[in-house]
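Q: Please take a close look at a single loop residue in this model. Then set that residue in the context of the whole chain.

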Amino acid sequence: MSPLRVAVVGYGWMGQVHARAWSRLRQHYPDAPFRPELVAVADPSAQARDLALATYADVATYEDWRELLARDDLDVVSMAGPNALHHEVGVAVAESGRHLWIEKPAGRRLAETQAIADAVETAGVQSAAGFNYRNAPAVEWARELVRGGRLGQVQTVEVRFLADYAAHPDGGLSWRFIDEHAGSGVLGDLVSHAADLACHLAGEVAELVADEGRFITERPLVAGAGSHFARGGDGERGRVENEDYVGALLRFASGARGTLAASRTAVGEQCTYGFSVHGSAGALEWDFRRMGELRVCLDQDPQDAAYRTVYVDRNHGETAAFQPAGGIALGYDDLKVIEAHRLARSIAADQPEGATIHDAVRAARLAQAMATSVSTRGWTPC
């Protein structure tokens with residue numbers, strides 16, 4: 001069993017999720033093609049580096065990611081740092097000949113995402129993009145039902161990504177609210193996930209029209225590298241530079257119509273991420289907060305038809321790698337283990353499996369089309 005020597009750039013919450021996913025890979029997939037070994041972590045925060053050392057005793061830590069990439073014993077790099085670093089690190093990883101697992105949005109704007117994809121293609125390395133929600137077994141089953149024609153001709157697709165992480169007006173002015181660092185607001189954060197799910201389920205979007213909202217225009221400054229979960233007080237405030245909400249009408253290439261709504265200030269929603277798909281012969285609905293359930297309306301007269309709730313079991317998606325029976329839902333971190341496994345299989349077969357940097361390009365293209373539509377106040381081709 002060959003080792004797969006892994007490094008993580010950015011050891012905040014998401015970097016820790018990546019590290020755990022690599023360490024759990026063979027626990028859930030004992031026949032995986034590699035044995036991952038976390039050998040290095042880079043993060044400018046001394047606290048983050050200390051945490052990595054406390055968790056993984058043999059890991060080497062670096063303040064500068066360039067020093068990490070100078071090592072000659074790395075096979076794959078997880079890029080889990082802020083958006084502003086995605087482009088530079090992603091391109092450098094590919095150009096160094098390492099495989100790349102990068103979090104969405106993989107750059108602050110489409111040009112950066114495309115540059116990473118070009119570098120991956122030129123280097124001939126494999127990639128994974130952090131669209132973890134598509135890995136939920138219920139979502140994989142939903143896609144099979146839609147693409148297999150069980151719903152008939154798809155008519156409408158509704159995707160919702162509503163969160164409250166920025167709902168408090170005293171939430172700190174972190175990098176997410178500054179365009180130089182984030183590139184955009186909810187567009188790069190939640191819309192990228194929503195766009196990926198819409199296309200994953202129903203195919204390409206041909207054109208769209210969008211609107212945005214900016215509801216909390218100033219936030220308190222926070223010391224150091226404080227996150228948007230940090231609270232400020234009555235001190236100095238800074239301007240929020242990007243959008244809190246985006247809504248869009250979608251026209252799919254298939255002729256289906258869609259709606260997409262994403263908000264980071266939606267009080268009461270916490271993390272209402274999900275979708276509904278209606279076809280000429282059936283319908284389905286999924287909510288991330290009830291990850292192990294899929295509501296389906298199938299094989300009935302289309303008038304007066306009713307939904308039923310199905311609990312995923314070992315026959316749906318990757319459930320069998322985690323749980324032995326139906327009704328036991330997976331968790332968020334499990335979706336990342338699936339993502340790591342698919343990248344490992346991609347590396348072994350030299351063939352992409354799962355979401356890749358090219359899916360990130362598609363999501364970035366839709367996000368750019370939405371931004372263009374907002375500025376022109378009209379329908380925009382994708």
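A: Start with Tyr307. This tyrosine sits in the loop between strand E15 (293-297) and strand E16 (308-311). The model is a predicted one. Tyr307 counts as partly exposed, because its relative accessibility is 32%, and the partly exposed class runs between 20% and 50%.

Next, the surroundings of Tyr307. Neighbours within four places in sequence are left aside here. Tyr307 then touches His278, Ala283, Leu284 and Glu285. Tyr307 is also in contact with Arg295, Val296 and Cys297. Residues 293-297 make up strand E15. One of these contacts is polar: the side chains of Tyr307 and His278 meet at 3.5 Å. Val6 is another matter. The C-alpha atoms of Val6 and Tyr307 are 44 Å apart, with their positions 301 residues apart along the chain.

Now a buried site, for contrast. Ser373 belongs to helix H10, which spans residues 357-376. Ser373 has a relative accessible area of 0%, so this serine is buried. A polar atom of the Ser373 side chain lies 2.8 Å from the backbone nitrogen of Ala210. Ala210 is also among the contacts of Ser373 beyond four places in sequence. The others listed are Leu208, Val209, Gly378 and Thr380.

One sheet deserves a look too. Six strands build an open, parallel sheet in the order E3-E2-E1-E4-E5-E6. Its edges are strand E3 (60-62) and strand E6 (127-129), each paired on one side only. Neighbouring strands in this sheet are turned by 25° against each other on average, direction ignored. At one end of the order, strand E5 (residues 99-102) runs parallel to E6 and is joined to E6 by three bridges. Trp101 stands opposite Ala128 in E6.

Finally, the whole chain. The protein chain holds 10 helices and 17 strands. Its radius of gyration is 21 Å, close to the 21 Å that the globule rule gives for 382 residues, so the chain is as compact as a globular protein of that length. Along the principal axes, the C-alpha atoms fill a box of roughly 65 × 55 × 40 Å. Of the 382 residues, 56% are buried. Ser373 is a buried residue; Tyr307 is partly exposed. Among contacts with a separation of 6 or more, 73% link residues 24 or more positions apart. The accessible surface comes to about 16,100 Å², and carbon and sulfur atoms account for 47% of that area.

Methods
Residues numbered from 1 in each chain as written. Predicted model: local features only at pLDDT ≥ 70, side-chain atom pairs only at ≥ 80, totals over all residues. Heavy atoms only, no water. Helix = DSSP H or I, 4+ residues; strand = E, 2+ residues; numbered from the N terminus. Buried < 20%, exposed > 50% of the residue type's maximum accessible area, 1.4 Å probe, protein only. Polar contact = N/O pair within 3.5 Å; in protein donor to acceptor, adjacent residues only side chain to side chain. Contact = heavy atoms within 4.5 Å. Pairing = 2+ DSSP bridges. Axes fitted to C-alpha atoms, helices over the stretch in contact; angles between N-to-C directions. Rg over C-alpha atoms; globule rule 2.2 N^0.38 Å. Areas by Shrake-Rupley, 256 points an atom, 1.4 Å probe, with all protein chains shown as cover.
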